[in-house]
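Here are a few friendly notes to read beside the model. I have put them as numbered points so that you can check each one as you go.

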Amino acid sequence: HAIDITPPSIICPANIVQNADLNACGAVVTYPLPMHSDHCSGSTLTLTSGPGTASGAQFPIGTTMVNYKATNGVGYMAVCGFTVTVIDNQPPVITCPMNMSVGTAPNMCAAPVLYATPIATDNCPGAVKTLISGPATASGSTFPKGTTTVTWEVRDNALPVNNKAQCSFTVTVVDVQPPTPTCPPNQTKNMDAGVCTAKVPYTGSFTDNC
């Protein structure tokens, strides 16, 4: 009798590239099952890369390999594979505190200012917040009189390019301390000759925090 020694045939779908689902660190990916056949005894299809790679599963960010096997009635088999790549294209969100206005500290033309660190969220964990307007604008720094813009940025871990977002707020320092004058001491002087007045020179000064 004839013996079937020919393996079945199997053809996988093409590689898949898909953006992450909104607010998810992955994507539900549906793909067509591989085409398979056997010239003699039929064939069965088996997913060999695990249930997490089945059509309709949620695939994580990055590239996942999907493998299938076709087996005919006498045990011969053929395999194929393809990749599912999920791209994180959703930028993070960062929220800064409200604009601030403070008075100058006593005898200073500036004020130390504390503010709440901005809040950042992202669809995938690991986003990093960075103060990009410089260390002089960090919370607890001494801000000069006038208005200073504070800018923060958040970046995620997406590849090949990190998604990012920025927010800004202003810190306004208002001079609330009046200057302090210094008067000369009281003076007594004789009238100038031949007149009923006297020319009296004097000097005064003042100090101010600004």
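1. A definition to start with: two strands count as paired if DSSP finds at least two bridges between them. With that in hand, look at Thr151, which stands opposite Ser168 in β16. Please keep in mind throughout that this is a predicted model.

2. Thr151 and Ser168 belong to a long-running pairing that is worth tracing. Strand β15, residues 146-155, is joined to β16 by 10 bridges, and the two strands run antiparallel. Another facing pair to look up is Thr148, which sits opposite Val171 in β16.

3. Now turn to the other neighbour of β16. Strand β10, residues 100-103, pairs with β16 in the parallel sense, over four bridges. Here Ser101 is the residue that stands opposite Thr172 of β16.

4. How do these strands fit together in a sheet, and in what order? Four strands make up an open sheet that reads β10-β16-β15-β13, with mixed pairing. Its edges are β10 and β13 (128-131), each of which pairs on one side only. From one strand to the next, the twist averages 25°.

5. Strand β16 itself, residues 164-174, has two faces that you may like to colour separately. Ala165, Cys167, Phe169, Val171 and Val173 make up the covered face. On the uncovered face are Lys164, Gln166, Ser168, Thr170, Thr172 and Val174. Put beside the pairings above, Val171, the residue opposite Thr148, is on the covered face, while Ser168, the residue opposite Thr151, is on the uncovered one. Thr172, which faces Ser101, also lies on the uncovered face.

6. Stepping back to the whole protein, there are 18 strands and zero helices. The radius of gyration is 38 Å, well over the 17 Å that the globule rule gives for 210 residues, so the protein is more spread out than a compact globule. The C-alpha trace spans about 150 × 20 × 20 Å along its principal axes.

7. Some totals to finish with. Of the 210 residues in the protein, 30% are buried. The accessible surface is about 12,900 Å², and carbon and sulfur atoms account for 60% of that area. Among contacts with a separation of 6 or more, 62% are between residues 24 or more positions apart.

Terms used
Residues are numbered from 1 along each chain as its sequence is written. This is a predicted model: local features need pLDDT of at least 70, side-chain atom pairs count only at pLDDT 80 or more; totals for chains, interfaces and linings use all residues. Side-chain values use heavy atoms; hydrogens and water are left out. Buried means under 20% relative accessible area, exposed over 50%, partly exposed in between (1.4 Å probe, protein chains only). Axes are lines fitted to C-alpha atoms, for helices over the stretch in contact, and angles run from 0 to 180 degrees between N-to-C directions. The radius of gyration is taken over C-alpha atoms; the globule rule is 2.2 Å times the number of residues to the power 0.38. Contact means heavy atoms within 4.5 Å. Accessible areas come from the Shrake-Rupley method with a 1.4 Å probe; for residues, only the protein chains shown count as cover.
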